[in-house]
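Work through the exercises below with the sequence and the 3D structure at hand. Each task is followed by a worked solution.

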Amino acid sequence: MNHTILEYKGLYERLSAYAESDFYPFHMPGHKRAKLPFPNPYQIDITEIDGFDNLHCAEEILLEAQERLKKLYRSRKSFYLVNGSTCGILSAAGALSQPGDQVLIARNCHKSVYNAVKLFGLRAGYIYPEIMKCGIQGQVNADAVRNALRCYPDTKLVVLTSPTYDGIVSDIGSIAKIVHKQDAYLIVDEAHGAHFSLGGPFPESALRLGADIVIQSLHKTLPSFTQTAALHIGTDRVDADRVMEMLAVFQTSSPSYLFMAGMEQCVAMLEQSGKQMFDAFDKKLSGFYDACQGLERLHVLDKKDYEAGRVFDADRSKIVISTQGTSMDGKKLYDMLLERYHLQMELYSAQYVLAMTSIMDTQEGFDRLLRALLEIDAQLRKKDEMQKAAACWNDMQDNENEKNRSNAKEVSGAEIFLRRMYGKRKKVLEISETRYYNKEEILLQESAGRVCAEYIYLYPPGIPAIVPGEEISLDFIKALDECRRTGLNVLGMKDRQCRRVSVITQIETDRCSQAGAEIT
């Protein structure tokens, strides 16, 4: 980040300086800091006064606004969310489950889904997404859902994330049929897909593919304020009154009229100009992807890069820039784009960087990113050529390099890392049970075989790698060590240095085994 901006101590001052800078936002929110028509926020920041309706019992203008949202997305009923998708996920889970119910959740779900499991005392089974050699998680396979339902025949609720943070889409149409055949509900966290089904060559929304409830973050991919989202009811199997009851619990009792006005403006923009905006967006994206074919070291992933069977569809508005096979890791590329080119990416992982785009991105922004990638790619190519020339002086070294390149093709380091970080864990306790046990902090290196008492996840994207009640493995410890070495942002652990981890005390685990069984 520019050091001049960082000199400002107050948040308002730093935001103001950032707004005036040349840093380009390849990150959410989807309005991309564009100068959209909107009044002075202080002039329209009100509460539930006469003539302005009440979100929790909408009868007038807010009811009409949500009806327009419903019409745009063709749902059975749609609700404004001012507490983000998180409150929508919690409300949906609460509306479609009872304490003690068996639920199945995709392991790559957002932490809010796990919080719902804990809050409502649910029994969780997990469905694991495919792992790809390119270093990202793939789809949740429909067959995996079917097999999981056979293992948990009393499942009442299935929760999936589609698209993922990286834009990977699962076959929701097939999955919905499988889930409904089991007489269970399907919730789809479509937070990153609010632009689906609105225009352009993007995947179909889960809302039109049979999901019972779909939650979207308008702010992630559309021109809407941060924290604005929507909950859509997709089938007549859902009790809308029960959903409203849960929303009254998890939504603030003082919803922001700024946020709601922003959502109304967003919907109006899409109604009036959505087709033209999505057509222009598609043209800019296609031009960018075509131009990236000239990269020789860096690689921008496209649908053809994903292994058959591991991805049903992909959202190309999520630009995944891979560093695999180069001397640069994801963090180095992220830092270089930020510091040298003033391009703020959404996130970095071990071997890739993610740029989030929307209908509000400019041609100038795409051109700046392309120029930066071409320059960095040329530097990497020159570095490789120099190393190759030096290696020619030593035939043995040259043979060793060839051997390493050959091995790299057979085994993907990114795939190994993902399997360690997000692999299957042994569940000892339900998440909700762990609150009844004593905890202690011990050294991470000495924690193998112990039961974890806290969530540990990379942020972004906020997907738990381990949850309370699961056994810590040596592979997981190795994965956390790698995260620490490569500078990935690990959250959840009380120890921000990631050297100590909270675990269930062994004595208490033994002593309370019977209590745990009774809770279950």
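**Exercise 1.** In which loop is Cys498 found? Describe its backbone and its exposure as well.

Solution. The model is predicted, so local features need pLDDT of at least 70 and side-chain atom pairs count only at pLDDT 80 or more, while totals for chains, interfaces and linings use all residues. Residues are numbered from 1 along each chain as its sequence is written, and side-chain values use heavy atoms, with hydrogens and water left out.

Step 1: Cys498 sits in the loop between strand E19 (490-491) and strand E20 (500-504). Helices (H or I, at least four residues) and strands (E, at least two) are DSSP runs, numbered from the N terminus.

Step 2: Although Cys498 is not a glycine, its phi is positive, about 60°.

Step 3: Cys498 counts as buried because its relative accessibility is 7%. Buried means under 20% relative accessible area, exposed over 50%, and partly exposed in between (1.4 Å probe, protein chains only).

**Exercise 2.** Is Asp183 buried or exposed? Locate Asp183 and give its phi.

Solution. Step 1: the loop that holds Asp183 runs between helix H7 (172-181) and strand E7 (185-189).

Step 2: phi of Asp183 is near 65°, a positive value in a residue other than glycine.

Step 3: Asp183 has 60% relative accessibility and therefore counts as exposed.

**Exercise 3.** Which residues does a cis peptide bond join to Pro29 and to Pro460?

Solution. Step 1: Met28 is joined to Pro29 by a cis peptide bond with omega of about 5°. Pro29 is in the loop between strand E1 (24-26) and helix H3 (61-73).

Step 2: Tyr459 and Pro460 are joined by a cis peptide bond, with omega about -15°. Pro460 lies in the loop between strand E17 (456-458) and strand E18 (463-466).

**Exercise 4.** Which residues touch the most other members of the largest nonpolar core?

Solution. Step 1: a nonpolar core is a set of buried Ala, Val, Leu, Ile, Met, Phe, Trp, Tyr and Cys residues joined through side-chain atoms within 4.5 Å.

Step 2: the largest core has 143 residues, and Leu186, Leu337, Leu369 and Met421 touch the most other members. Helix H10 (residues 257-291) gives the largest share of this core, 13 residues.

Step 3: apart from this core lies another, of 15 residues, including Tyr306 and Leu347.

Step 4: contact means heavy atoms within 4.5 Å. Beyond its neighbours within four places in sequence, Met421 is in contact with Leu458, Ala465, Phe476, Ala479, Leu480 and Cys483.

Step 5: as background, nonpolar side chains tend to be buried together in soluble globular proteins.

**Exercise 5.** With which residues is Ala240 in contact, leaving aside its neighbours within four places in sequence?

Solution. Step 1: Ala240 belongs to helix H9 (residues 240-250).

Step 2: the contacts of Ala240 outside those neighbours are Lys77 and Ile233.

Step 3: Lys77 and Ala240 are 163 residues apart along the chain, and their C-alpha atoms are separated by 7.8 Å.

**Exercise 6.** What radius of gyration does the protein have? Add its elements and its share of buried residues.

Solution. Step 1: the radius of gyration is taken over C-alpha atoms, and the globule rule is 2.2 Å times the number of residues to the power 0.38. The protein has 24 Å, which agrees with the value near 24 Å for a compact globule of 520 residues.

Step 2: the secondary structure comes to 17 helices and 20 strands.

Step 3: buried residues make up 54% of the 520 residues.
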